[in-house]
Amino acid sequence: MISETTAWPNLACWDGLESDLANTAVDSAPLFQALSEALVTLQHGDLPRWQRALEALPHGLQIWDGAPAAPCLGAPAPDPTALREALMGLHPWRKGPLRLAGVHIDTEWRSDMKWSRLEPHIDWAQQTVLDVGCGNGYFGWRMLAAGARCVVGIDPTTLFLMQWLAQRHFSGPAPNYVLPLRDTDLPATLTGFDRVCSLGVLYHRRDPLDHLGRLRRCLREGGVLVLETLVVEGDESLHPPGRYARMRNVHEVPSLARLKAQLHAAGFQTIQVADVTWTTREEQRRTDWMQFESLDQCLDPENPTQTVEGHPAPLRALVLAQAS
Ligand SMILES: C[S@@+](CC[C@H](N)C(=O)[O-])C[C@H]1O[C@@H](n2cnc3c(N)ncnc32)[C@H](O)[C@@H]1O
């Protein structure tokens, strides 16, 4: 239960979480406690504008068929132009693509490409999943379509929560949740997940070992961590002194050897590097739905194997590790 004292108007969006986690190894009580605490301080200058965008979404179009593979949510809207305008009120859309009530949201990231690298390596059937740094919840739909039982995403960026609410507006109740929490908000007593994902988050954390330790705690013994992160070739990790690919908050880009050592130290075993892929301009690019700078503006135009700061261009590894 969420405390009634919060001013957050969309409390009903987490209805169902408690029952979706019932009869699993995950106790939802500590999760609701953390959520209640986070909602007390949840605010953003753009929140009223985003709320208006949500209120402008057409009603009566919900479709939840249990397997939105695209993801494709909601029946086609009678006025797609008005819907597009309302959804544009939640710009920038980074993770997708999504199709909401017939409107195609061509997001900055072709997250379906990341999903194609992930999906064949992981058994999602009937699994409870915690997705830390889940963005707008895109991957949750993919996991449900692959058979997951319930996906609990957490992400502290309020705009991504609003984008998830827009998706939920068209899906109706579905076991794919986004909660406005950071990894550091995860209660020590929260555990029992079959899968914990950390996709594109590790290099944003000042203390990667602390992040990995928190992920480990949330897994049941034998559960699997799905870690996707920037890495560098060779043995030397990169500690960008300033920005990395124009990002201010990249603290460490580890070598694969260092990443494995960190995983061991955090209590993981059977560590498998499933994929290593360079990020391409096909996968990350500026679109109508994300009109700010993207990968193209972050690479050296003379030498695209380097970022504009002279660091190696983005290389991403997918690593699976078992909680020992
Ligand atoms: C690069 S995006 C990755 C999003 C998505 N997981 C993906 O792979 O496409 C990093 C995400 O981590 C979130 N984030 C940043 N700090 C975090 C923290 N301390 N705990 C959880 N999420 C965090 C950001 O809001 C953002 O959505």
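This short presentation covers the ligand site and then the cysteines of the structure shown above.

Good morning, colleagues. Please keep in mind throughout that this is a predicted model.

I begin with the ligand. Where does the ligand sit? It occupies the largest pocket. Around it there are 18 residues, and the closest of them are K114, G133, D155, T157 and L199. In character, the shell around the ligand is mixed: seven of its residues are nonpolar, five are polar and six are charged.

Let me turn to individual polar contacts. The side chain of T157 places an N or O atom 2.6 Å from an oxygen atom of the ligand. The backbone also takes part. At L199, a polar backbone atom is 2.7 Å from a nitrogen atom of the ligand. At D183, a backbone N or O atom lies 2.9 Å from a nitrogen atom of the ligand. As for coverage, the ligand taken alone exposes 590 Å², and the protein buries 88% of that area.

My second topic is the cysteines. How many disulfides does a search of the whole structure find? The number is zero. Consider C13, which is in no disulfide: the nearest cysteine sulfur belongs to C134 and is 12 Å away. With a relative accessibility of 8%, C13 counts as buried, because the cut-off for that class is under 20%.

C218 is likewise in no disulfide; for this residue the nearest cysteine sulfur is that of C197, 12 Å away. Is C218 buried or exposed? C218 is buried, its relative accessible area being 1%.

That concludes the presentation, and I welcome your comments.

Terms used
Residues numbered from 1 in each chain as written. Predicted model: local features only at pLDDT ≥ 70, side-chain atom pairs only at ≥ 80, totals over all residues. Heavy atoms only, no water. Near = heavy atom within 4 Å. Polar contact = N/O pair within 3.5 Å; in protein donor to acceptor, adjacent residues only side chain to side chain. Areas by Shrake-Rupley, 256 points an atom, 1.4 Å probe, with all protein chains shown as cover. 1 Å grid on protein atoms, 1.4 Å probe; cavity = no way out; pocket = protein on both sides within 12 Å on 5 of 7 lines; lining within 4 Å. Sits in = over half its atoms within 2 Å of the grid points. Nonpolar A, V, L, I, M, F, W, Y, C, P; charged D, E, K, R; others polar. Disulfide = S-S within 2.5 Å. Buried < 20%, exposed > 50% of the residue type's maximum accessible area, 1.4 Å probe, protein only.
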